[in-house]
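Visitor: I have a sequence and a model in front of me, and I would like to learn how to read them. Could you walk me through it?

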Protein chains: 2
Amino acid sequence: MPYPHGMRATSNQKSRSRRPTELGLLEQIRAGASRTRNPGLRLGIGDDCALLRLRQGEEMAVTTDLSIDARHFRLAWHPPQAIGHRTLARGLSDLAAMGARPIAAFLSLGLPREFVQNAKGRKPRWVERFLEGFFSLAAAYQTPLAGGDMAESPIAAADIVLAGAVRRGKALLRSGARASDLLYVTGQLGGAAAGLARLAQWASGQRQAHLYLNPSGGLRIPARLQSILQPHLYPQPRIAQGLWLASRSRATAAIDVSDGLSTDLAHLCEESGVAAELDAAALPIHPAATLSQALHGGEDYELLFTAPASANIPRTIGSVPVTRIGRIVRRRSAKPLIVLITNHGTQPLEPQGWQHFS
Amino acid sequence: MPYPHGMRATSNQKSRSRRPTELGLLEQIRAGASRTRNPGLRLGIGDDCALLRLRQGEEMAVTTDLSIDARHFRLAWHPPQAIGHRTLARGLSDLAAMGARPIAAFLSLGLPREFVQNAKGRKPRWVERFLEGFFSLAAAYQTPLAGGDMAESPIAAADIVLAGAVRRGKALLRSGARASDLLYVTGQLGGAAAGLARLAQWASGQRQAHLYLNPSGGLRIPARLQSILQPHLYPQPRIAQGLWLASRSRATAAIDVSDGLSTDLAHLCEESGVAAELDAAALPIHPAATLSQALHGGEDYELLFTAPASANIPRTIGSVPVTRIGRIVRRRSAKPLIVLITNHGTQPLEPQGWQHFS
């Protein structure tokens, strides 16, 4: 493994028949990986395993997320840099939700051959642009790439693994919410869904076929759309906020809003054996988003968390706003898991976020 | 992540419109995962991350391996149980090569929809048989499934992550071999390649098309082939041998024979900055294998390791034979990295094992 696999192959080819493009990829991955350091990573790419160390009194948080073309991203819509960024952001966001500090990432990539090889050396390869987005976010969060694997695949797929450290017994779990806790969320909701809707609308007006013939590319997104697409293409994992909540607050439970508020809140309620009331008027809806996008959109990668009313949660954590959006209540079998309270009364809120095999 | 993803979806569906087949899969994964325990796993499936603990003075070894249909296995040839077994065995073997004890596994699966859903409830689903093979090996090596992800995919792909523990500074690295060390291998070589060749020969005589119409299946392999196919279909990772070598021997370097002896020995030499001489007559060739299969076949998952001549390496470790197959020598720029010594003289040995993007 640890790129040993992907890399072994390449170093073989070096000794047999040198293939510059693949050698270049190996070197680029190793160079990109070595630009970011973390004291917890003792041995990175190049052996059968990577070796990671914890500080005294810590335990390790590990998460994996699989992204597949046409399910989690679209080669025809997304710039390769954004796919690389989002792949890593998904994993970092899971660490954030536990209150863990990142130590290292592992990336397994399945790619069609033409996405790895240069088309006559003219344009950067798709995979190089993917890695550009990946390594840029990795550097921002001190998360070196410590290994992974690479294989030829008829479709593009990326599996990301993150390892992080958290004080023993101090991880924020989904299962810790208690009746009468208040419910909070960081940042704004619905921005990613609004961006995705705008991207889909714009892309459907373009000639898309050329991308599949020109894997170095992706559509060129006009500058006027950059701002509205930002939350969708380049979400920021809330690592600092998770660390603060786990170490300096009395937060009782947390989850990241990856599948959508309605769905992720349902997970938190199910794991904690509680129910929740959401105040529609309190939701920090992204200016470009609808209520429905804020409730069900997903991929905002904000933190949804609970804390006792006496916990004194600040209005911002690390310059990111924190909003109280509801409360945890006792679960009653005849009652809905989540209700939405609006000016017009109270209604059950069904989870309508991201579904696998849907 | 940790199945949360796969699982979240399923638990949603429970609250919306119950889908028995997917609910069954969730329950089967959780049940299978909970059958195996490991004291290092503090929190498994069900939250954003799993939580793992090390003992005092240990560090964590992490490895990932990506397997894709038609590249690493063939749905048309391999029983689903064998694909599940081999997926986990690849990861465990990387831990073995470092001398690490397993703590937990993470599995990301991309599968076509029809591989997950029951065809009228008649036959076990493909994924159930895959998990049967996976969980059976997991139980044998005290390696609980701690998380992962699942997504619909047009092709079958499995990414395996293993986390294990090793005494700080005691991991067996590829880079520790020194000139005058002796070279050893566990078990026999070429058995997996011989089995694969036999499987391919047999499968090419069958009508294969039905498999793709009947994803619960795979070809039914006749009993007379079971024995010859065993090393290919159900390889055993050398965990006990790796643990012994790291803790009780003076082994200087190790790697697992996953890509083939010629290729993996080249990696070891490159990482250690040394060269090697192999004694053809000493190689423990599997009775069904050719010399070429033993040298280049791959997927034997035996341990290739080095130790000083004075190290007193036993003939067996945990009932698995250990054979001295050559020696480490100084690297000279004009000389080949590896030479094979036969009765007819000495010849350069080029790495001809597994290639990615080949």
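Guide: Gladly, and let us begin inside a sheet: A:Ser108 stands opposite A:Asp159 in β6(A). This is a predicted model, so local features need pLDDT of at least 70 and side-chain atom pairs count only at pLDDT 80 or more, while totals for chains, interfaces and linings use all residues. Residues are numbered from 1 along each chain as its sequence is written, and chains are lettered from A and ligands numbered from 1 in the order in which they are written.

Visitor: Which strands does that pair of residues belong to, and in which sense do the strands run?

Guide: In general, strands of a sheet pair through backbone hydrogen bonds, either parallel or antiparallel. Here β4 (residues 101–111) of chain A and β6 (residues 157–167) of chain A run antiparallel and are joined by nine bridges. Strands (E, at least two residues) and helices (H or I, at least four) are DSSP runs, numbered from the N terminus, and two strands pair if DSSP finds at least two bridges between them.

Visitor: In what order do the strands of the whole sheet lie?

Guide: The order is β5(A)-β4(A)-β6(A)-β3(A)-β2(B)-β1(B), an open sheet of six strands with mixed pairing. Its edge strands, β5 (145–152) of chain A and β1 (41–43) of chain B, each pair on one side only. Neighbouring strands are turned by 20° against each other on average, direction ignored.

Helix α3 (residues 80–98) of chain A packs on this sheet, touching β3 (58–68), β4 and β6 of chain A. Its direction makes about 25° with that of β6(A); axes are lines fitted to C-alpha atoms, for helices over the stretch in contact, and angles run from 0 to 180 degrees between N-to-C directions. Contact between two residues requires their C-beta atoms, placed from the backbone, to lie within 7 Å.

Visitor: What about the sheet with the order β1(A)-β2(A)-β3(B)-β6(B)-β4(B)-β5(B): which strands stand at its edges?

Guide: That open sheet also has six strands and mixed pairing. β1 (41–43) of chain A and β5 (145–152) of chain B stand at the edges, each with a single partner strand, so one side of each is left without a neighbour in the sheet. β1(A) pairs with β2 (residues 50–52) of chain A in the antiparallel sense over two bridges, and A:Leu43 has A:Leu51 as its bridge partner.

Visitor: Is B:Val161 buried or exposed?

Guide: The idea is to count neighbours: with C-beta atoms placed from the backbone, a residue is buried if 20 or more others lie within 10 Å of its own, exposed if 12 or fewer, and partly exposed in between. B:Val161 has 29 other C-beta atoms within 10 Å, so it is buried. B:Val161 lies in β6 (residues 157–167) of chain B. Leaving out residues up to four places away in sequence, its contacts include A:Phe106, A:Val161 and B:Phe106. B:Phe106 is 55 residues away in sequence, yet the C-alpha atoms are 4.9 Å apart.

Visitor: How is chain A divided into domains?

Guide: Domain bounds come from an automatic or database domain assignment. For chain A it gives domain 1 (4–167) and domain 2 (174–194 + 234–348), with centres 30 Å apart, taken over C-alpha atoms. Each domain brings 17 residues to the contact. On the side of domain 1, α3(A) gives the most, with 12 residues.
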